[in-house]
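This briefing looks at the pocket lining, one helix that contributes to that lining, and the nonpolar cores.

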Amino acid sequence: ACCARSGSLPSLHCQPRHNGGMNRRHHLLQAASALCALAFSATVFAQGRPIRLVVPYAAGGPVDVTARALAERAKDSLGPIIIENKPGGGGNIGADLVAKATPDGLTIGIAATATHAVNPWLYAKMPYNAATDFAPITQMVRVPNVLVMNAETAQRLKIHTVVDLIAYAKANPGKLNYGSGGNGSAGHLAGEMFKSQAGIYAVHIPYNGANPAQFALQSAQVDFNFDNLAAAAPGIKAGKLKALAVTTATRSNHLPDVPPVADTLKGFAIDTWWGLVAPAATPKDVLARLSQAFTAALRAPETQMRFAGLFAEPVATTPEQFGALMKAELVRYQPVVKAAGAKVD
């Protein structure tokens with residue numbers, strides 16, 4: 001008989017009721033357990049129960065919008081997918097909900113640069129272990145960040161390239177400043193990486209969110225920002241902002257004429273990513289089914305077009321590839337956060 005019970009995971013190590021069973025019985029039990037796992041994978045998404053996709057940020061932002069677009073494309077394979085927004089704690093509240101959910105494939109969530117690479121070093125206490133409490137499904141998105149200046153400031157100071165910016169900063173130490181969405185934000189960390197590698201000093205001015213930081217830049221209250229391309233693009237197109245470089249290792253398809261910072265500072269690369277994860281104990285065959293459905297949805301032309309409108313690049317990966325990325329990013333951000341001196345108690 002199948003060892004899986006309604007609402008529970010199949011056991012891969014079902015044991016006989018008494019010791020001393022023959023090897024044949026042991027092999028039969030192993031085979032039965034494997035069949036139970038396959039049956040669970042095949043039926044868990046066909047029971048009429050919706051999948052809950054936890055977004056650890058507020059509705060309306062780029063993470064939320066891409067999650068909803070992907071869920072719409074994947075529902076044909078997986079059935080209904082309900083988005084549940086759980087903002088707060090820099091993303092930690094929603095991520096923790098996923099970490100502690102029943103590992104049955106019916107609760108999954110978003111893992112992002114903040115929740116799985118930055119926050120573990122930024123927060124004094126974490127409710128989950130980013131390295132061990134999650135099973136990767138697939139990366140979803142890479143969003144380039146861009147080094148932008150107030151266009152009038154750039155014109156006045158004759159700064160047209162990253163080389164010009166560095167030269168001016170070295171000749172005028174402490175005269176430049178940059179804004180960000182707050183201590184420990186992506187813009188703050190990118191700015192500190194830039195200062196360190198360029199050997200310059202610029203004053204960091206944190207704001208309460210990305211929108212106030214961008215307003216400060218456009219109104220010339222600060223000189224430059226490292227901003228999300230989706231947020232900066234309207235200002236660039238309107239001529240209010242001057243894009244000096246993108247922060248990805250290579251050029252972005254969305255700004256093909258703008259070079260990467262790495263052309264000037266070798267090895268500089270920092271971008272924003274997010275993807276799908278499940279609780280750590282989710283069975284591998286269930287993860288495989290989820291990965292197959294979501295990567296197919298990511299490759300769909302409709303998804304590609306929807307993401308392009310958000311200046312987000314869809315990235316469909318295997319669970320192993322996404323897991324390797326999260327592991328590498330977690331290690332990479334430790335010295336970055338430490339150098340920035342940012343801390344949340």
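**Pocket, helix α4 and cores**

In this predicted model, at least two lining residues of the largest pocket come from each of α2 (62–78), α4 (113–122), β6 (177–180), α7 (186–198), α8 (210–218), β8 (224–228), α9 (229–237) and β10 (272–279), where helices (H or I, at least four residues) and strands (E, at least two) are DSSP runs numbered from the N terminus. Local features need pLDDT of at least 70 and side-chain atom pairs count only at pLDDT 80 or more, whereas totals for chains, interfaces and linings use all residues. Residues are numbered from 1 along each chain as its sequence is written, and side-chain values use heavy atoms, with hydrogens and water left out.

**Largest pocket**
- The largest pocket holds about 1200 Å³ of space, and of its 44 lining residues Tyr57, Ala114, Ser185, Ala186 and Ala210 are the closest to its centre.
- Its lining comprises 22 nonpolar, 19 polar and three charged residues, and α4 gives the most to it, with five residues.

**Helix α4**
- Seven of the 10 residues of α4 are buried (under 20% relative accessible area, 1.4 Å probe, protein chains only), namely Thr113, Thr115, His116, Ala117, Val118, Asn119 and Leu122.
- Among the elements covering these buried residues are α3 (92–99), β3 (107–112), β4 (134–143), α7, β10 and α12.

**Nonpolar cores**
- The largest nonpolar core (buried Ala, Val, Leu, Ile, Met, Phe, Trp, Tyr and Cys residues joined through side-chain atoms within 4.5 Å) has 48 residues, and helix α12 (residues 319–340) gives the most to this core, with six residues.
- Apart from it lies another core of 33 residues, including Val63 and Ala297.

Conventions. Buried < 20%, exposed > 50% of the residue type's maximum accessible area, 1.4 Å probe, protein only. 1 Å grid on protein atoms, 1.4 Å probe; cavity = no way out; pocket = protein on both sides within 12 Å on 5 of 7 lines; lining within 4 Å. Points joined across faces, edges and corners; volume = space filled by probe spheres on them. Nonpolar A, V, L, I, M, F, W, Y, C, P; charged D, E, K, R; others polar. Contact = heavy atoms within 4.5 Å.
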